[in-house]
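User: I am new to this structure and would like a close look at one part of it, the charged side chains and their surroundings. Please take me through it slowly.

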Amino acid sequence: MILTLIAVYTAQAATLDVGSGEDAYLTIADAISAASSGDTIRVGPGTYPESIDLGGKTLYLESKEGPESTFVTGNGTVTLNASSDESSASVVDGFTISG
């Protein structure tokens, strides 16, 4: 009898943190670069002077403490870009976005 084993790989969505703490990314852009579609990015309170580009990924980008304490102010260009075939399942929640 021959036994054949087939390994099945199931990718699990990851949660990436931005802000302070162990293994946290310093910028939202760095976390987006490291993320895969389906991942969640949780952003700590603070002001982030950067442009957010979801890069065609389906992501859940959320503030840990809401729009009263988490600000994305842009970097002189477009502050939020979701024009690279992101799906309607992408979510950006809990930020004050300006710039």
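How many salt bridges does the count come to?

Analyst: The model is a predicted one, and in it the count comes to 2 salt bridges. One of them is formed by the side chains of Arg42 and Asp17, which meet at 3.5 Å from N to O. This pair links distant parts of the chain, since Arg42 belongs to strand S2 (residues 40-43) and Asp17 to strand S1 (residues 15-18), with their positions 25 residues apart in sequence.

Asp17 also forms a salt bridge with Lys64, where the closest N and O atoms are 3.5 Å apart. Because Asp17 lies in strand S1 while Lys64 lies in the loop between S5 and strand S6 (70-72), this pair ties together parts that are 47 residues apart in sequence. Through shared partners, the salt bridges join Asp17, Arg42 and Lys64 into one network.

How accessible are the members of this network? Arg42 has a relative accessible area of 32% and is partly exposed, Asp17 is partly exposed at 26%, and Lys64 likewise counts as partly exposed, at 36%. Each of these values falls in the partly exposed class because that class lies between the 20% limit for buried and the 50% limit for exposed.

A charged residue without such a partner is Lys57, which sits in the loop between strand S4 (52-53) and S5. Lys57 is buried yet has no salt bridge, and the nearest side chain of opposite charge, that of Asp39, is 7.4 Å away. That distance does not qualify because a salt bridge requires the nitrogen and the carboxyl oxygen to be within 4 Å. Leaving aside residues up to four places away in sequence, Lys57 touches Ile32, Ser33, Ala35, Ser37, Glu86 and Ser90.

Turning to strand S5 (residues 60-63), we find Ser63 there. With a relative accessibility of 10%, Ser63 counts as buried, and its side chain takes part in polar pairings. The side chain of Ser63 reaches the backbone nitrogen of Gly66 at 2.8 Å, and it also makes a polar contact with the side chain of Thr70, at 2.7 Å. When residues up to four places away in sequence are not counted, Ser63 touches Val43, Thr70, Asp93, Gly94 and Phe95. Thr70 therefore appears both as a polar partner of the Ser63 side chain and among the residues that Ser63 touches, contact being defined as heavy atoms within 4.5 Å.

Notes
Residues are numbered from 1 along each chain as its sequence is written. This is a predicted model: local features need pLDDT of at least 70, side-chain atom pairs count only at pLDDT 80 or more; totals for chains, interfaces and linings use all residues. Side-chain values use heavy atoms; hydrogens and water are left out. Helices (H or I, at least four residues) and strands (E, at least two) are DSSP runs, numbered from the N terminus. Buried means under 20% relative accessible area, exposed over 50%, partly exposed in between (1.4 Å probe, protein chains only). A polar contact is a pair of N or O atoms within 3.5 Å; within protein, one must be able to donate a hydrogen and the other to accept it, and residues adjacent in sequence count only if both atoms are side-chain atoms. Lys and Arg count as positive and Asp and Glu as negative; His and the chain ends are not counted.
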